Amino acid sequence: MNCPECDAELNIPNDAAVGEIVSCSDCGADFEISKKDGSTVEIKQAETVGEDWGE
Amino acid sequence: MSKICIVFDRLRSEEKLLEKQAIDLGNETKMVDAKITHFDTDSNKQNTDFGDVVLERCISYYRGLHFTACIEFLDVPIINKFSVSSLCGNKMLTSIILKKNNIPTPKTYFSFSADAALENIEKIGYPLIIKPVVGSWGRSVIPLKDRDTADAIIEQRGITDGPLDRIFYLQEVVDRPPRDIRVITVNDRPIAAMYRKSSGGFKTNVALGADPEICDITNEIEDLCAKASKAVGGGILGIDLMEDKKRGLMVHEINNTVEFKGLIKVSKTNIPKEMIEFALDSVRK
């Protein structure tokens, strides 16, 4: 799968799960894994850090 | 066998460790992404599936808090409870409840407009720390060392003008070593603690690069954290302590969706196991 931002190849680990964030090593954009069915993976733009994020 | 539901909005190593631990202990798990979950006023325990107990682990405080309200509406046990999360997610409410329960905490001042905050700051004197009432990882925690800084920060609050920007939380600067102590409590019992050493500035958040180092749980830490946990309603908490050179330990913050990737590196305690066992105990009650 390629990065929707810069088209570089996205490295998605085999054990990555839905909800995890993957980052493009070229442009640094963050994507969230939104669906995973075997080797088929869908991603969406990750949410940006909100003011209420944390512990 | 119980079914443990772990609610997240960003799947981090902590949630994966909790899931693995629950499975290793012979339980069923369900991972729920809060961002894609729906409720309505007819939702109930029978037409939804959140298992026997829910661990709320959202990174967004307000999302997690409102999700918790929905789960409690279904009468499904959730950790932490809404009442606990609503207190701990707001620094002002935490300070008040700590003081009310005679738990040592830094002196903190509250103002409800920019003018009143500036007037208060001038009256109290410098330095002071200004913190957002909701927020974490040390973000927007700023030392006010003089009038110019105070003016700039208060003016900035006026520009961003979020509803909580009108609540001014000002705290004394505690004379302490360049570190604080993070204690994880489960059911009012400290299970692990670490020193978080500043990586240069005055902030000691692991999220900002502070260096974790194991801290022995002394009787004093145990007693203080038990009292603090009980004061806010218990559950699974991250209690932050400062070591005031004259007054001793003080509780300055309590976190209701505690991260433990820093502490797990230095602690011998199986932190996720303690958390899962507590969740299972709450099902049995």
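Reader: What share of the 55 residues in chain A is buried?

Author: In this predicted model, buried residues make up 20% of chain A. To earn the label, a residue needs 20 or more other C-beta atoms within 10 Å of its own.

Reader: What pattern does chain A follow along the sequence?

Author: The pattern is β-β-β, with three strands and zero helices. The C-alpha atoms of the chain fill a box of roughly 35 × 25 × 15 Å along the principal axes. If you take the contacts in chain A between residues at least 6 apart in sequence, 10% of them join residues at least 24 apart.

Reader: How many residues of chain B are in contact with chain A?

Author: There are 18 of them in chain B, facing eleven residues of chain A. A pair is counted because its C-beta atoms, placed from the backbone, lie within 7 Å. On the chain B side, the residues divide into eight nonpolar, seven polar and three charged.

Reader: Let's turn to chain B itself. What makes E2 and E4 of chain B edge strands?

Author: Strand E2 (28–33) and strand E4 (78–79) of chain B each pair on one side only. They belong to an open sheet of four strands in the order E2-E1-E3-E4, with parallel pairing.

Reader: Why are strand E1 and strand E3 of chain B called paired?

Author: Pairing asks for at least two bridges between two strands. Strand E1 (residues 3–8) and strand E3 (residues 53–56) of chain B are joined by four bridges, so they qualify. The two strands run parallel, and B:Val7 stands opposite B:Glu56 in E3(B).

Reader: Which helices pack on this sheet?

Author: Helix H1 (residues 13–24) of chain B touches E1, E2 and E3, and its direction makes about 175° with that of E1(B). Helix H2 (residues 61–73) of chain B touches E1, E3 and E4, and its direction makes about 170° with that of E3(B). Angles here run from 0 to 180 degrees between N-to-C directions, so values of about 175° and about 170° sit toward the upper end of the scale.

Reader: H1(B) also packs with H9(B), so to speak, on another front. At what angle do the two helices pack?

Author: H1(B) and helix H9 (residues 271–284) of chain B pack at about 65°, with their axes 9 Å apart. The crossing is right-handed. On the H1(B) side, the contact is made by B:Leu17, B:Leu18, B:Gln21 and B:Ala22, while H9(B) brings B:Pro272, B:Lys273, B:Met275 and B:Ile276. By class, these residues divide into six nonpolar, one polar and one charged.

Reader: Which domains does the assignment give for chain B?

Author: It gives domain 1 (3–86), domain 2 (108–172) and domain 3 (175–281). The centres of domain 1 and domain 3 of chain B are 23 Å apart, taken over C-alpha atoms. Their contact takes 20 residues from domain 1 and 15 residues from domain 3.

Reader: Which element gives the most to the side of domain 1 that touches domain 3 of chain B?

Author: H1(B) does, with six residues. The elements that give two or more residues to that side are H1, E3 and helix H3 (82–88) of chain B. The side holds ten nonpolar, six polar and four charged residues.

Reader: How do you know that the peptide bond from B:Ile79 to B:Asn80 is cis?

Author: Its omega is near 0°. B:Asn80 is found in the loop between E4 and H3 of chain B. A cis peptide bond also joins B:Tyr126 and B:Pro127, with omega about 0°. B:Pro127 is found in the loop between helix H5 (114–124) and strand E6 (128–131) of chain B.

Reader: Is B:Asn102 buried or exposed?

Author: The cut-off for exposed is 12 or fewer other C-beta atoms within 10 Å. B:Asn102 has 9 such neighbours, so it counts as exposed. Its phi is near 55°, a positive value in a residue other than glycine, and its place is in the loop between helix H4 (91–100) and strand E5 (108–111) of chain B.

Reader: And why is B:Asp161 called exposed?

Author: B:Asp161 has 10 other C-beta atoms within 10 Å, and 12 or fewer is the cut-off, so the label is exposed. B:Asp161 has a positive phi of about 50° although it is not a glycine. B:Asp161 lies in the loop between helix H6 (147–160) and strand E8 (168–172) of chain B.

Methods
Residues are numbered from 1 along each chain as its sequence is written. Chains are lettered from A and ligands numbered from 1 in the order in which they are written. This is a predicted model: local features need pLDDT of at least 70, side-chain atom pairs count only at pLDDT 80 or more; totals for chains, interfaces and linings use all residues. Two residues are in contact if their C-beta atoms, placed from the backbone, lie within 7 Å. Ala, Val, Leu, Ile, Met, Phe, Trp, Tyr, Cys and Pro count as nonpolar, Asp, Glu, Lys and Arg as charged, and the others, Gly among them, as polar. Domain bounds come from an automatic or database domain assignment. A crossing is left-handed if the near helix is turned anticlockwise from the far one by less than a right angle, and right-handed if clockwise.
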